Amino acid sequence: MLKRTFLKMGAALAVTASLATGAAAAELNGPVNYIIPFGPGGESDISARFQQPFFKDKFGQDMVISYQPGGGGAVAWATLNGLSDDGQTIMGVNLPHIIIKPAQKDVGFTTEDLNVFHMFHFTPDAIIVRADSPYQTLEDLVEDARANPAQVTMSGSGKATANHLAHIKFDKMADIQTTYVPFKGTGAAVTALLGNQVKAEWGYSTVAATQGEEVRMLAVAMEERHPLFPDVPTFKELGYDMVGGAYRGIALPNSATDEVTQMWSDMIAEINNDPEFRQQMLDNGFAMLDVEADGMDDFMAARSEEYLSDAREAGLID
């Protein structure tokens with residue numbers, strides 16, 4: 001049995017308060033079930049696989065990864081609050097998915113019902129072209145789009161996704177009209193780009209990390225340049241105030257106690273702050289993020305406002 005008390009000073013105060021009132025400290029009892037709401041092989045799965053050995057090393061328990069795909073994640077998220085709340089089961093969550101999907105229709109859950117306790121990274125939006133593309137810079141693409149409205153085709157991972165919202169936002173900022181072609185997932189969008197079916201892709205920095213010399217990233221939606229791509233400018237450097245992408249985190253059933261939620265937030269934070277883990281993530285094109293349980297409400301409110309505004313303006317929601 002692993003008995004885990006809180007690791008940080010702020011959390012330690014919570015433990016003291018908890019013990020003072022006679023509440024039981026949170027603890028783990030055996031392997032943890034980590035449910036990924038998509039199929040294997042995607043970036044959510046890759047992230048979990050990277051976390052897995054660090055979890056075992058730091059906390060002495062196995063993190064067993066399972067998959068529950070369907071509805072772009074909605075099938076799994078609709079079941080989350082019916083699962084055991086003892087801390088032995090956690091589930092991956094993604095933005096903008098958990099905000100946009102329930103805003104479009106009844107998918108069996110609401111954003112507010114999900115007990116998201118940590119957001120640990122994001123894959124920044126990026127415009128990517130083939131290595132032999134005539135677009136050497138972002139301005140090359142913008143100029144072509146201005147001269148030829150709707151003729152610049154760009155693949156992306158589905159409708160109402162981070163890619164789709166980035167496309168809508170950038171077209172408005174640049175005062176251009178490009179054509180977004182949704183595909184079923186990032187892999188299919190990359191295949192379309194490499195197969196010359198589209199002129200560019202709304203993808204992520206992780207695509208550039210994976211495809212290497214086969215592609216060229218024109219700009220990335222970060223505050224500062226990604227350390228893996230020191231020669232690639234940010235959108236902000238080029239005059240477009242765009243920072244964002246697909247955010248990933250973890251949630252518990254909303255009936256989990258505050259102690260269990262804080263325990264998990266601290267454990268994931270400890271993994272996220274491990275220098276070796278951070279370097280591994282950066283080497284694979286991810287951008288690190290550290291939003292813990294006590295800062296989640298403000299983070300979610302800010303992201304919801306932006307996503308819902310963009311989606312409403314694009315006609316994706318009423």
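Analyst: A crossing of two helices counts as right-handed if the near helix is turned clockwise from the far one by less than a right angle. In this predicted model, the crossing of H4 and H11 fits that description, so it is right-handed.

User: Why are H4 and H11 called oblique to each other?

Analyst: Helix H4 (residues 97-104) and helix H11 (residues 296-313) pack at an angle of about 50°, with their axes 9 Å apart. An angle has to be under 35 degrees to count as roughly parallel, over 145 to count as roughly antiparallel, or 65 to 115 to count as roughly perpendicular. About 50° fits none of these, so H4 and H11 are oblique.

User: Which residues of H4 and H11 meet?

Analyst: From H4 you have Ile98, Ile99, Ile100 and Ala103, and from H11 there are Met300, Arg303, Ser304, Tyr307, Leu308 and Ala311. Sorted by class, the contact comes out as 8 nonpolar, 1 polar and 1 charged residues. Ser304 is the polar one and Arg303 the charged one, because Arg counts as charged and Ser falls among the polar types.

User: H11 also packs against H6. What makes that pair roughly perpendicular?

Analyst: Helix H6 (residues 162-174) and H11 pack at an angle of about 75°, with their axes 10 Å apart. The roughly perpendicular range runs from 65 to 115 degrees, so H6 and H11 belong in it. On the H6 side the contact uses Leu165, Ile168, Lys169 and Lys172, and on the H11 side Glu306, Tyr307, Asp310, Ala311 and Glu313. That contact splits into 4 nonpolar, no polar and 5 charged residues. Lys169 and Lys172 of H6 count as charged because Lys is in that class, and so do Glu306, Asp310 and Glu313 of H11 because Asp and Glu are too.

User: And why are H2 and H9 described as roughly perpendicular?

Analyst: Check the angle again: H2 and helix H9 (residues 258-272) pack at about 110°, with their axes 10 Å apart. Since 115 is the upper end of the range, H2 and H9 are roughly perpendicular to each other. H2 passes H9 in a right-handed crossing. Gln51, Phe54, Phe55, Lys58 and Phe59 of H2 touch Trp264, Met267, Glu270 and Ile271 of H9. The breakdown there is 6 nonpolar, 1 polar and 2 charged.

User: How many cavities does the structure have?

Analyst: Searching the whole structure for cavities of 30 Å³ or more turns up 2. The largest cavity holds about 40 Å³ of space. To be called a cavity, a space must admit a 1.4 Å probe that cannot get out.

User: Which residues line the largest cavity?

Analyst: The lining is Tyr34, Ile36, Ser44, Ser47, Gly92, Val93, Asn94, Phe120, Arg248 and Gly249. Strand S3 (32-36), helix H2 (43-59), strand S5 (89-95) and strand S11 (245-252) each give at least two residues, and S5 has the largest share with 3.

User: How do you know what class those lining residues belong to?

Analyst: Go by residue type: the lining has 4 nonpolar, 5 polar and 1 charged residues. Gly92 and Gly249 go with the polar ones because Gly is counted there, while Arg248 is the charged one.

User: What makes the largest pocket a pocket, and how much space lies in it?

Analyst: A pocket is an open set of points, whereas the probe in a cavity cannot get out. About 980 Å³ of space lies in the largest pocket. It is lined by 38 residues, with Phe38, Ser157, Lys184, Gly185 and Thr186 closest to its centre. H2, H4, helix H7 (186-194), helix H8 (205-211) and S11 each give two or more residues to the lining. By class, the lining has 12 nonpolar, 21 polar and 5 charged residues.

User: Where does the lining of the second largest pocket come from?

Analyst: Strand S6 (115-130) and H11 each supply at least two residues, and H11 gives the most, with 5. This pocket holds about 240 Å³ of space. Among its 13 lining residues, Leu114, Val116, Met296, Asp297 and Met300 are closest to the centre. The lining divides into 7 nonpolar, 4 polar and 2 charged.

Definitions and conventions
Residues numbered from 1 in each chain as written. Predicted model: local features only at pLDDT ≥ 70, side-chain atom pairs only at ≥ 80, totals over all residues. Heavy atoms only, no water. Axes fitted to C-alpha atoms, helices over the stretch in contact; angles between N-to-C directions. Helix = DSSP H or I, 4+ residues; strand = E, 2+ residues; numbered from the N terminus. Contact = heavy atoms within 4.5 Å. 1 Å grid on protein atoms, 1.4 Å probe; cavity = no way out; pocket = protein on both sides within 12 Å on 5 of 7 lines; lining within 4 Å. Points joined across faces, edges and corners; volume = space filled by probe spheres on them.
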